[in-house]
Amino acid sequence: MKRLISGNEATFLGARKAGASFYAGYPITPSNEIMEYAAKYAAGHKDFRFLQMEDEIASAVAIIGGSLAGAKSFTATSGPGFSLMQESVGLAYMMSVPTVFIDVQRVGPSTGMPTYPAQGDILQASHGSHGDYQALVLAPNSVEECYRYAVESFNLAEEAQSPVIFLTDGFVGHLEEVIDPDQIEVSAPAKRLREPLGTGCRHFTGLLADKNGIPRTADSKLYQDWYWSRKKQILTAAEKYKFFEYVPNKKSDTLLISFGISSRLCAELQKDCGYFRPIRLYPILENELKAAAKDYKKIVVVEANDGQYAGEIERVLKREVRRIALLGGEIKLTPILKRLESISVK
Amino acid sequence: MAEAKDLIKQERMPTLWCAGCGIGIIFHQLAGVMAAAGLNSKNATVVSGIGCTGRMAGYFKMDSLHTTHGRALPVAEAIAAYRPDLKVVVASGDGDLTSIGGNHLLHTSRRDANVTVVLVNNEIYGMTGGQSAPTTRPGSITLTTPVGSEANPINIQGIITSNRRHFYARSTVFHVPHLKKCLAEALAWPGFALVDIKSDCPERWGKMNKVKSPAEMILAYKQQFKINPKPVGLLADGEIGIVKRG
């Protein structure tokens, strides 16, 4: 049935649609509603378990335990809590445990502006844990997309046997739009690839280990083999998840690149500029970005942070990328128009 | 009847623990008690944190987890919550469970998660070379307390027994029959049960505190601890036993 649904509710409904059955979390604005839906749902459904943990560190490892125990598992948080979860993102990557971490971003650093939206966790989502790893990050920009891409996040996590970061923000999370989840066609839930605990003699460890789970902490060659094959596994799985939107504008010399809530503003400018919206932020859609960018003289990245993704795009395109930073939770078109004017004057 | 060797990955022997270390005694006794309780790869799992004892999970012949430092408890609680058919045993050290994982100890015990915790308490960080732990007793020499520790040791019994329902047992690697009894009762306890086992670290604690041999350290437990078969209230310092309330 069509009804007003918030982004956070849609995210939870998407998780359910994907077959998620374990949630562990700790309250933090503006992600709380996801946890509340999980608690309420668990109260009426024995096959869904909910744990309110003592902090985000416990929440993040709990979903690793839940996933190995047999449940598609997830948590939701915001910037400061996400920082506390980073160690476990590395553990999930190293142990190949499918998990979904939802980050409903707010203005930071620190407690910052808890009720105001931002996109300041782009680099935290991709490089926040320690060591080298290939992050998987999806960013929806509407309530319908919260639903649709929550499903994809869980499927991607299963296929890649890895943590996936689902990056929304306080605006999208609290935005209410009329959708009918039953009418939205989404991918079928991915199958689980690993038998749950209690079925073997496997050893799951964060240490470098051989195929039998035996630690090999002084074997550089094994690390190198593991590293490249793990990376390949992630990139191969991600191939099927190249989500983006590109609206070319042949009359314009400017390509606007934006994602999440910022892209809702930029979509208004499609008559003046080309419009490219990555939904899969990581792995970066290098080929798609290069193909789109070659038709434009100017590349402008609009995001609610000080150029985090712009820097990534500059690295990929190897050319100058202009930045429009929407800071302090001010998600408005006027500052974008002003900056665009000054760019074209130059 | 199944015995310890049935739950131990023989191909992984010998363990990485130092000669004379108490962890090996505890591992062997735990495997034996688990086997006698009918636990196996189909109905149990072992979760460890990081450190010397953190390596224990990997030696069990069943699915096991070696998590990040301090995080064994929330992982175990999640497994126990989702899989009530599995007996979840946590085996980890004092630094792991009471320092970096101290907050989880407060809350997993408060929530009375259905987890049996085997806390190997050697009063030091062994794996990292011998730094002081929250359990280190005043006067002990460690790498980070070169003139002797001054801080209060953490009161594990106090933490666990502050919960209305609780199971706290204290034993030592000298008192093996008593240790086995504690482990068996803990495994049979419905809900959160913790066994706090005084265990020797001859290589780190022993050498820094001028103990001549592992045997000397273990025999000292005979002098220092007396079994209290029916404690009224809490165990006094120097007493070992079981404090429980259903």
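Helices (H or I, at least four residues) and strands (E, at least two) are DSSP runs, numbered from the N terminus. The model is predicted: local features need pLDDT of at least 70, side-chain atom pairs count only at pLDDT 80 or more, and totals for chains, interfaces and linings use all residues. Residues are numbered from 1 along each chain as its sequence is written, chains are lettered from A and ligands numbered from 1 in the order in which they are written, and side-chain values use heavy atoms, with hydrogens and water left out.

**Exercise 1. Chain B as a whole**

Task: State how many helices and strands chain B has, and assess its radius of gyration against the globule rule.

Solution.
1. Chain B contains eight helices and eight strands.
2. Its radius of gyration is 17 Å, close to the 18 Å that the globule rule gives for 246 residues, so chain B is as compact as a globular protein of that length. The radius is taken over C-alpha atoms, and the rule is 2.2 Å times the number of residues to the power 0.38.
3. The C-alpha trace of chain B spans about 50 × 45 × 30 Å along its principal axes.
4. Of its 246 residues, 59% count as buried, where buried means under 20% relative accessible area, exposed over 50%, and partly exposed in between (1.4 Å probe, protein chains only).
5. Contact means heavy atoms within 4.5 Å. Among contacts in chain B with a separation of 6 or more, 67% are accounted for by residues 24 or more positions apart.

**Exercise 2. Chain A as a whole**

Task: Describe the secondary structure, extent, surface and charges of chain A.

Solution.
1. Twelve helices and 16 strands occur in chain A.
2. A compact globule of 346 residues would have a radius of gyration near 20 Å, and the 20 Å of chain A agrees with this.
3. Along the principal axes, the C-alpha trace of chain A spans about 65 × 50 × 40 Å.
4. The exposed area of chain A is about 14100 Å², with 52% supplied by carbon and sulfur atoms; accessible areas come from the Shrake-Rupley method with a 1.4 Å probe, and for residues only the protein chains shown count as cover.
5. There are 41 positive and 41 negative side chains in chain A, and the centres of the two sets lie 5 Å apart. Lys and Arg count as positive and Asp and Glu as negative, while His and the chain ends are not counted; each charge is placed at NZ of Lys, CZ of Arg, CG of Asp or CD of Glu.

**Exercise 3. Helix 6 of chain A**

Task: Determine the length of helix 6 of chain A, and explain why it is described as largely enclosed.

Solution.
1. Helix 6 covers residues 143-160 of chain A, 18 residues in total, and reaches 25 Å from its first C-alpha to its last.
2. This span is close to the expected 26 Å at 1.5 Å a residue, the expectation being 1.5 Å times one less than the number of residues.
3. Because 15 of the 18 residues of helix 6 of chain A are buried, the helix is largely enclosed by the rest of the structure.
4. After helix 6 of chain A comes A:Gln161, with a positive phi near 50°.

**Exercise 4. Two residues of chain A**

Task: Locate A:Ser88 and A:Ile5, and list their contacts beyond four places in sequence.

Solution.
1. A:Ser88 lies in helix 4 (residues 79-95) of chain A and counts as buried at 1% relative accessibility.
2. The contacts of A:Ser88 beyond four places in sequence are A:Ile57, A:Ala60, A:Val61 and A:Ile64.
3. A:Ile5 belongs to strand 1 (residues 3-6) of chain A and is buried, at 0% relative accessibility.
4. Beyond four places in sequence, A:Ile5 contacts residues including A:Ala10, A:Leu13, A:Val143 and A:Leu175.
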